[in-house]
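Please look over the sequence and the model below before reading on. The paragraphs that follow take up the core, then the strands, then the charged pairs.

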Amino acid sequence: MEFDDDRVDVGGVDDRRGMGVAGGGLAIGGGAGVVGLVIYLLVAVLGGGSGGGGGSGLPQLGAGSANSTGKQESSQELSDRCNTKGALDEYTDCRLIKVYDIADNTWEEEFARRGLDYHAPQLAFFDDAVSTGCGQASSQVGPFYCPSGEEIFLDLNFLDQLQKEYGAEGEFAQAYILAHEYGHHLQTLLGTEGQVRQAQQKNPKQENEYSVAMELQADCYAGVWSTLADQQKSGIDLTQANIAEAQKAAQAVGDDRIQKKATGQVDQDSWTHGSAAQRKQWFTTGYSSGDIDQCDTFKAMGL
């Protein structure tokens with residue numbers, strides 16, 4: 001994975017690392033992400049806890065974040081560090097900010113081409129726990145997007161753990177995770193998020209099916225972004241090995257894989273994100289087509 005332009009713009013970053021917010025439970029009505037509600041439900045329900053731990057077999061995360069400098073940085077300090085030679089290879093946060101920058105440029109161009117209104121979400125880094133417009137969240141909720149405030153939340157320590165524990169390895173695997181969360185922002189801009197919440201309230205028995213369709217669509221959007229960004233002049237140069245990393249990461253965070261690892265059992269009725277095969281399939285559909293119109297997971301699921 002190579003970037004066409006190494007300049008990093010930190011203007012959209014909300015750095016909350018080191019702020020010491022107490023942990024809590026993410027509001028289920030908020031925006032879940034790549035792992036999101038799966039881990040929340042496994043911990044809270046199967047683990048018997050309150051969302052902050054328990055005997056679920058899930059990784060227990062400590063304070064601090066990977067590739068941090070050990071202190072709270074100002075925007076200028078973050079910019080200076082991320083724009084030093086080799087920063088994108090050395091620092092995960094700088095590399096993800098660059099991915100975020102490219103996603104912003106990519107989707108701004110695509111929405112303009114389609115005559116649609118667009119604005120970027122914020123990208124928030126936190127460690128251990130964070131307070132959001134969707135409620136309190138601990139790192140165990142995983143990377144997530146909160147539509148209230150339109151913000152993507154990442155704990156870098158969790159991303160490191162995700163790679164070690166679930167096999168979502170590689171730099172572009174991390175980029176896929178961020179691109180998936182960005183996909184949830186597109187759903188907010190396009191009105192999909194609000195429509196899905198209304199449909200879930202109207203048809204509570206299909207709540208999980210709508211959630212799965214929403215998550216698979218975000219996977220598809222991540223695939224579309226991969227193709228569009230690869231074609232962009234100041235985007236990203238991808239190889240088939242990079243795409244394979246993203247496909248493997250999508251499989252790694254399938255409901256069946258996470259449930260099997262956490263409990264030894266698979267309960268399809270409780271799925272909220274889709275199976276490993278579905279997640280790979282829809283990322284690949286987006287990547288192969290490069291077209292968000294091909295990402296109608298709701299129609300595909302008969303919703």
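Which residues have the most contacts inside the largest nonpolar core? In this predicted model, they are Ile97, Trp107, Phe172, Tyr176 and Trp225, and the core to which they belong has 63 residues. Phe172 can serve as a place to start, since, leaving aside residues up to four places away in sequence, Phe172 touches Met1, Trp225, Ser226, Ile236, Leu238, Asn242, Ile243, Glu245 and Ala246. Apart from this largest core lies another one, of 9 residues, which include Ala124, Ala137, Cys146 and Phe153. In soluble globular proteins, nonpolar side chains tend to be buried together.

Several residues of that other core turn up again in the pairing of the strands. Strand 3 (residues 122–125) runs parallel to strand 7 (residues 151–154), to which 4 bridges join it, and within this pairing Ala124 has Phe153 as its bridge partner. On another pairing of strand 7, strand 6 (residues 144–146) is antiparallel to it over 3 bridges, with Cys146 partnered by Glu151. Strands 6 and 7 form a hairpin with 4 residues between them, where Gly149 takes a positive phi near 105°. Strand 7 is covered on both faces, with Glu151 and Phe153 buried on one side and Ile152 and Leu154 buried on the other. A further hairpin, with 2 residues between its strands, is made by strand 4 and strand 5; these run antiparallel, as residues 129–132 and 135–138, and are joined by 4 bridges, one of the partnerships being that of Val130 with Ala137.

Charged side chains add further links, for the structure holds 13 salt bridges. One of them joins Glu151 to Arg16, with 3.3 Å between the closest N and O atoms. Because Glu151 lies in strand 7 and Arg16 in the loop between strand 2 (13–15) and helix 1 (36–46), this pair ties together parts that are 135 residues apart in sequence. Both Glu151 and Arg16 are buried.

A second salt bridge, at 2.9 Å from N to O, brings together the side chains of Asp291 and Arg114. Asp291 lies in the loop between helix 11 (276–289) and helix 12 (297–300), and Arg114 in the loop between helix 4 (92–113) and strand 3, so parts that are 177 residues apart in sequence are tied together. Here Asp291 is partly exposed, with a relative accessible area of 21%, and Arg114 is likewise partly exposed, at 25%.

Terms used: Residues are numbered from 1 along each chain as its sequence is written. This is a predicted model: local features need pLDDT of at least 70, side-chain atom pairs count only at pLDDT 80 or more; totals for chains, interfaces and linings use all residues. Side-chain values use heavy atoms; hydrogens and water are left out. Two strands pair if DSSP finds at least two bridges between them. Buried means under 20% relative accessible area, exposed over 50%, partly exposed in between (1.4 Å probe, protein chains only). A nonpolar core is a set of buried Ala, Val, Leu, Ile, Met, Phe, Trp, Tyr and Cys residues joined through side-chain atoms within 4.5 Å. Contact means heavy atoms within 4.5 Å. A salt bridge is a side-chain nitrogen of Lys or Arg within 4 Å of a carboxyl oxygen of Asp or Glu.
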